[in-house]
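User: I am new to this structure. Could you show me how to read its features, one at a time?

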Amino acid sequence: MRRRMKRELLATVEMLGKVNDSILGTMAADPQGVTDALIQCQESAVLMGNYVEDSEAESAQVVRLLEEYCETLYQISLGIPDATRCRRLVKKATKELAALSNLIKYGIPEGRKEIVFLPYKAAMWDSFESVWEAAGRDEGCDAYVMPIPYYERNPDGSFGKLHDEQADYPGYVPVLDWREHDIAEWKPDVIYIHNPYDQYNYVTSVHPDFYAERLCQFAGKLIYIPYFVHQNDTVAEHYCVLPGTLYSDVVVLQSEKVRRRYMEEYGKATGVREGLEKKFVAYGSPKFDFHMKGGQEDGLPEEWKRFIYKNGRRKKVVFLNTHLNMLMAPYCEDFFKKLETVFETFGRNRDVALLWRPHPLSEATAKSMNPEAAERYGKIVRDYQEEEIGIYDTSSDLHRAVDVSDAYYGNRSSVTELFKAAGKPVMIMNHRLHGG
């Protein structure tokens, strides 16, 4: 029997038990109310029987106990208002519900756990991969990957273009089409998410069907793993109270220091203090697991090799990371001048290769949050490519770029943590300095 079905059946049995416990206390004062409650309990029991018969091979024992329970309910209704007779029948119903609960819990084999990963951007798959691989090795699990769509936001905040990146995931990751699977009907045992923002992201929004507030209603357990890494284990307050944090049963964090920060801020915002040790766990970030696999330089695109190798000699590669924050006024003009200076410098120095990997939402951010900057940014990108200053990487594979690079230069970002973990030098860009 599927775990989801067990949860639902046990919840119904628990509800029936509460009604059963209240019968004797209300019988004298409200006999008609008791009769109505008995009818509703019978109807619930019949629905349970039909549900099990339609879905499971192990239905006969459950249906038999439900039939006995329904007969007892009928006898109770006939016995009203004979308190002595009803007391005996209520005890009988209590035993039948206990037997039903024990049968569901312990007498019927439990099916395989169904785990569904819901990434939204292919470039952020690294925050799931090691967990997905572990689930795939578990003989008691069936693990599925179902990339979910997301919208760009228009400048007025409304939904714009819909993106579906199913085709961008690595070939070794089988994916399900979100249009063919209804989470509300499926009700997996575990759902993993890595996007915490839901409606509070002003640049993009995952499809509202996949907001955490909705998903938590249909998952046995909702687990949130951030797609980013907190720099130097420092956490801004708002990350601790985003929808992905609020509605998830478990939040997987990169370190104990980060975990304590989340617990502190979550407690302040919600007033909840108990049970946080189980909700917030410091298991590390899968992004580090993914990066430590390494070995991706062997499969570099030929276009990259043109920039990296010169006369058979490998150049040093500098990873340039630009964050979407820089596209917000009043930073953008300084930022654009800085990029022009950087590109001019690397354009003159052909002994070092530049690999520019902007934040994957850069263009969408400019269009949504600062439309006047979008055209200028687009021209800078075109000039960089046409003048062949260096590699321009917008692929979904961040770690290939990190692996091939020898040093980091750019804005502060969770990517800096990957370079630090690999022991590679990091230099933070000062966008206000424009000297050559």
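**Reading strands, helices and cysteines**

Analyst: Note that this is a predicted model. Start with a cross-strand pair: phenylalanine 117 sits opposite tyrosine 192 of strand 5.

User: How many bridges join strand 1 to strand 5, and in which sense do they run?

Analyst: Count the bridges, then check the direction. Strand 5 covers residues 190-193. It is joined to strand 1 by 4 bridges, and the two run parallel.

User: Which strand holds valine 145, the residue opposite phenylalanine 117?

Analyst: Valine 145 belongs to strand 2. So look at that pairing as well. Strand 2 spans residues 141-145 and pairs with strand 1 over 5 bridges, in the parallel sense. Phenylalanine 117 thus has valine 145 opposite it in strand 2 and tyrosine 192 opposite it in strand 5.

User: Is strand 1 mostly covered or mostly open?

Analyst: Check burial residue by residue. Strand 1 runs over residues 113-118, and 5 of these 6 residues are buried.

User: What unit do strand 1, helix 5 and strand 2 make?

Analyst: Follow the chain from strand to helix to strand. Here the three form a β-α-β unit, and it is right-handed. Helix 5 consists of residues 129-137.

User: Is glutamate 129 in helix 5 buried or exposed?

Analyst: Read its relative accessibility. The value is 1%, so glutamate 129 counts as buried. Next, look for a side-chain partner. Glutamate 129 makes a polar contact of 2.9 Å with the side chain of tyrosine 172.

User: How do I read helix 3?

Analyst: Compare its span with the expected one. Helix 3, residues 60-79, has 20 residues. From first C-alpha to last it reaches 29 Å, close to the 28 Å expected at 1.5 Å a residue.

User: Which residues of helix 3 are buried?

Analyst: First, the general idea. An α-helix has 3.6 residues a turn, so residues three or four places apart point the same way. Now the case here. The buried residues of helix 3 include Val62, Leu65, Leu66, Tyr69, Cys70, Leu73 and Ile76.

User: How many disulfides are there?

Analyst: Search the cysteine sulfurs for pairs within 2.5 Å. The whole structure gives 0 disulfides. Cysteine 41 is in none, with its nearest cysteine sulfur, in cysteine 70, 9.3 Å away. Cysteine 41 is buried, at 4% relative accessibility.

User: Why does cysteine 86 form no bond with the closest cysteine sulfur?

Analyst: Distance decides. The closest cysteine sulfur belongs to cysteine 41 and is 14 Å away, so it is too far for a bond. Cysteine 86 is also buried, at 0% relative accessibility.

Note on methods. Residues numbered from 1 in each chain as written. Predicted model: local features only at pLDDT ≥ 70, side-chain atom pairs only at ≥ 80, totals over all residues. Heavy atoms only, no water. Buried < 20%, exposed > 50% of the residue type's maximum accessible area, 1.4 Å probe, protein only. Pairing = 2+ DSSP bridges. Right-handed = clockwise from strand over helix to strand, strands pointing away. Expected span 1.5 Å × (residues − 1). Polar contact = N/O pair within 3.5 Å; in protein donor to acceptor, adjacent residues only side chain to side chain.
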